Amino acid sequence: MRVRLKGLYVSAALFRRQLAELKAAGFQNGSLRDCSGPVKPRQIVLTFDDGYVNVLQHTIGALAQTHFNAIQFLPVNFLGKSNEWDVAFGEASEPIMDASQVRDWLAAGHDIGSHTLTHPFLTRLPPGQAREEIVASKKKLEDLFGRPIEHFCYPYGDWTSVVRDWVMEAGYCTASTTDFGVNTSETSSYALKRITARYRSRSLKALLKRIERVCVV
């Protein structure tokens, strides 16, 4: 399969190696709620965007073996379909988990959050439509899976203070960005930073030497 954004893909073998290195470095499961306020040493939250079937297929076993949990941010209107928003920009088509597969993910001890209804650039939409993407996706996921949806992720990392305020008003507890970095006690719960998993393992080792009292997402 040929893809446009190769950096968004990590081999199953490299992912397993990264998890093993995190475990060996003393990292433990945290929650997104823990990424603001007092931060415990070396806690990590593993996040996946979009709900791809290949994440379900290739991570469940590795996560179980290393005792890590993760969260998937789902664009709820695309469940059981494909990443049509990416295909429009020339990316390869990939299947998105359906409701049954999401339940398998949840049954394995993992979490889900909202990635809107249709994965749009929120700042490019009329205000009413942008708010609907944020509010309705929360309710739809809660109705489908019978659990509170507390966490949001901005599609494309596209947000402003106005968008952030809509997320807060909708009742989410956190929102994740695509900004690179780790989270400290001073990080806003609605502007959580993340580190992509596309680096080689040797880079992870170097990064771990610099991280002490932070929350990595």
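Reader: Which residues of H4 are buried?
Author: This is a predicted model, and in it H4 spans residues 99-107. Burial here requires a relative accessible area under 20%. The residues of H4 that are buried are Val-102, Trp-105 and Leu-106.

Reader: Around the axis of H4, what arc do these residues cover?
Author: The residues concerned are Val-102, Trp-105 and Leu-106. They lie on the same side of H4, because the arc that they cover around the axis is only 95 degrees.

Reader: What covers the buried residues of H4?
Author: The cover includes two helices described by their positions as H2 (residues 53-66) and H5 (127-145). Strands contribute as well, among them S5 (111-114). Taken together, the covering elements include S3, H2, S4, S5 and H5.

Reader: At the start of H4, which backbone nitrogen does a side-chain oxygen of Asp-98 reach?
Author: The side-chain oxygen of Asp-98 comes to within 3.2 Å of its partner. A polar contact requires N or O atoms within 3.5 Å. The backbone nitrogen in question belongs to Ser-100.

Reader: Just after H4, which residue takes a positive phi?
Author: A positive phi also occurs just after H2, where His-67 has a value of about 65 degrees. Just after H4, the phi is about 100 degrees, and the residue is Gly-109.

Reader: How far apart are the end C-alpha atoms of helix H2?
Author: Helix H2 has 14 residues, so at 1.5 Å a residue it should span 20 Å. The distance in the model agrees with that expectation: the end C-alpha atoms are 21 Å apart.

Reader: On which residue is the kink in H2 centred?
Author: The kink in H2 amounts to about 45 degrees. The buried residues of H2 include Leu-56, Thr-59 and Ala-62, and the cover over the buried residues of H2 includes H1, S3, S4 and H4. The kink is centred on one of these buried residues, namely Thr-59.

Reader: Is Tyr-172 buried or exposed?
Author: Tyr-172 is placed in the loop between helix H6 (161-169) and strand S7 (174-180). Its relative accessibility is 2%, and therefore Tyr-172 counts as buried.

Reader: Which backbone oxygen does the side chain of Tyr-172 reach?
Author: Beyond four places in sequence, Tyr-172 touches residues including Ser-137, Glu-150 and Tyr-190. Glu-150 is 22 residues away in sequence, yet its C-alpha is 4.6 Å from that of Tyr-172. The side chain of Tyr-172 reaches the backbone nitrogen of Lys-138 at 3.5 Å; the backbone oxygen, reached at 2.7 Å, is that of Ile-134.

Reader: At what distance does the side chain of Thr-116 reach the backbone nitrogen of His-119?
Author: Thr-116 is found in the loop between S5 and H5, and it counts as buried because its relative accessibility is 0%. Leaving aside neighbours within four places in sequence, its contacts include Leu-74, Glu-133, Ser-137 and Phe-152. The side chain of Thr-116 reaches the backbone nitrogen of His-119 at 2.9 Å.

Reader: Over which residues is the pLDDT below 50?
Author: The chain averages a pLDDT of 89, and 86% of the residues score at least 70. The stretch with pLDDT below 50 has eleven contacts in the model beyond near neighbours in sequence. That stretch is residues 1-6.

Reader: What share of the residues of the chain counts as buried?
Author: The chain contains seven helices and nine strands. Of its 217 residues, the share that counts as buried is 47%.

Terms used. Residues are numbered from 1 along each chain as its sequence is written. This is a predicted model: local features need pLDDT of at least 70, side-chain atom pairs count only at pLDDT 80 or more; totals for chains, interfaces and linings use all residues. Side-chain values use heavy atoms; hydrogens and water are left out. Helices (H or I, at least four residues) and strands (E, at least two) are DSSP runs, numbered from the N terminus. The expected span of a helix is 1.5 Å times one less than its number of residues. The bend at a residue is the angle between axes fitted to the seven residues ending there and the seven starting there. Buried means under 20% relative accessible area, exposed over 50%, partly exposed in between (1.4 Å probe, protein chains only). Contact means heavy atoms within 4.5 Å. The arc is that of the directions from the helix axis to the C-beta atoms. A polar contact is a pair of N or O atoms within 3.5 Å; within protein, one must be able to donate a hydrogen and the other to accept it, and residues adjacent in sequence count only if both atoms are side-chain atoms. pLDDT is the predictor's confidence in each residue, from 0 to 100.
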